[in-house]
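The exercises below ask you to locate residues, judge their burial and trace their contacts in one model. Please work each one with the structure open before reading its solution.

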Amino acid sequence: MRRIAPNQPQTWVRQRARGRSQLDSLGRQALALAADIERIDRIREMSPDATFRSNFIVGYPGETEEDHDELLRFVERAQLDWCGFFTFSPEDGTHALTLPDHVPTSLMEERIAELREMQDG
């Protein structure tokens, strides 16, 4: 990760639900991460000093190994300047709490460690 100057303009890459299983559970069509990569590449072409930040929730109910692998590929390819990785935390009254296939805490922690290692590398 490169150092970001305090006054340097930054672009926030909005977090999107990843993977077919998560999107289906939310009743939405799949959103292509390729479009985000293309957008980042275009901005970098126009402004090589542009910086990119984002947050990602790991372990959303129904997240599969394939979904996690897709996020790993995105993080590796996008080369964001800063990423925050957070584990899903169930909250009373939310839709996500009612979803099946909650990811075990130990697996969420493994996935976050893998993502942080990749981002810091």
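**Exercise 1. Locate Met118 and describe its surroundings.**

Met118 is placed in helix α4, which spans residues 105-120; helices (H or I, at least four residues) and strands (E, at least two) are DSSP runs, numbered from the N terminus. The model is predicted, so that local features need pLDDT of at least 70 and side-chain atom pairs count only at pLDDT 80 or more, while totals for chains, interfaces and linings use all residues. Residues are numbered from 1 along each chain as its sequence is written, and side-chain values use heavy atoms, with hydrogens and water left out.

Next, consider accessibility: Met118 is partly exposed, with a relative accessible area of 29%, where buried means under 20%, exposed over 50% and partly exposed in between (1.4 Å probe, protein chains only). Finally, list the contacts, meaning heavy atoms within 4.5 Å: leaving aside residues up to four places away in sequence, Met118 touches Leu72, Val75 and Glu76.

**Exercise 2. Work out which residues of α4 are buried, and which are exposed on the other side.**

Begin with the dimensions: α4 has 16 residues and reaches 22 Å from its first C-alpha to its last, close to the 22 Å expected at 1.5 Å a residue, the expected span being 1.5 Å times one less than the number of residues. Then mark the buried residues of α4, which are Met108, Arg111, Ile112, Leu115 and Gln119. They cover an arc of only 100° around the axis, which puts them on the same side of α4; the arc is that of the directions from the helix axis to the C-beta atoms. On the other side of α4, Glu110, Glu117 and Asp120 are exposed. The cover over the buried residues of α4 includes β2, α3 and β3.

**Exercise 3. Find the aromatic pairs and state what the pair of Phe56 and Phe74 ties together.**

A search of the whole structure gives 3 aromatic pairs, counted when the ring centres of Phe, Tyr or Trp (its six-membered ring) lie within 6.5 Å, with planes under 30 degrees apart called stacked, over 60 edge-to-face and the rest tilted. Phe56 and Phe74 form an edge-to-face pair, 6.1 Å centre to centre with 65° between the planes. Because Phe56 lies in strand β2 and Phe74 in helix α3, this pair ties together parts that are 18 residues apart in sequence. Phe56 is buried at a relative accessible area of 4%, and Phe74 is buried at 5%.

Tyr60 and Phe88 form an edge-to-face pair too, at 5.6 Å centre to centre and 75° between the planes. Tyr60 sits in the loop between β2 and α3, and Phe88 in the loop between β3 (82-87) and α4, 28 residues apart. Ring pairs also link Phe56, Phe74 and Phe85 into a cluster.

**Exercise 4. Identify the largest nonpolar core and the elements that supply it.**

A nonpolar core is a set of buried Ala, Val, Leu, Ile, Met, Phe, Trp, Tyr and Cys residues joined through side-chain atoms within 4.5 Å. The largest one has 17 residues, and those with the most contacts inside it are Phe56, Phe74, Leu80, Phe85 and Leu115. Two or more residues come from each of α2, β2, α3, β3 and α4, with the largest share, 5 residues, from α3. A second, separate core of 6 residues includes Tyr60, Phe88, Ala96 and Leu99.
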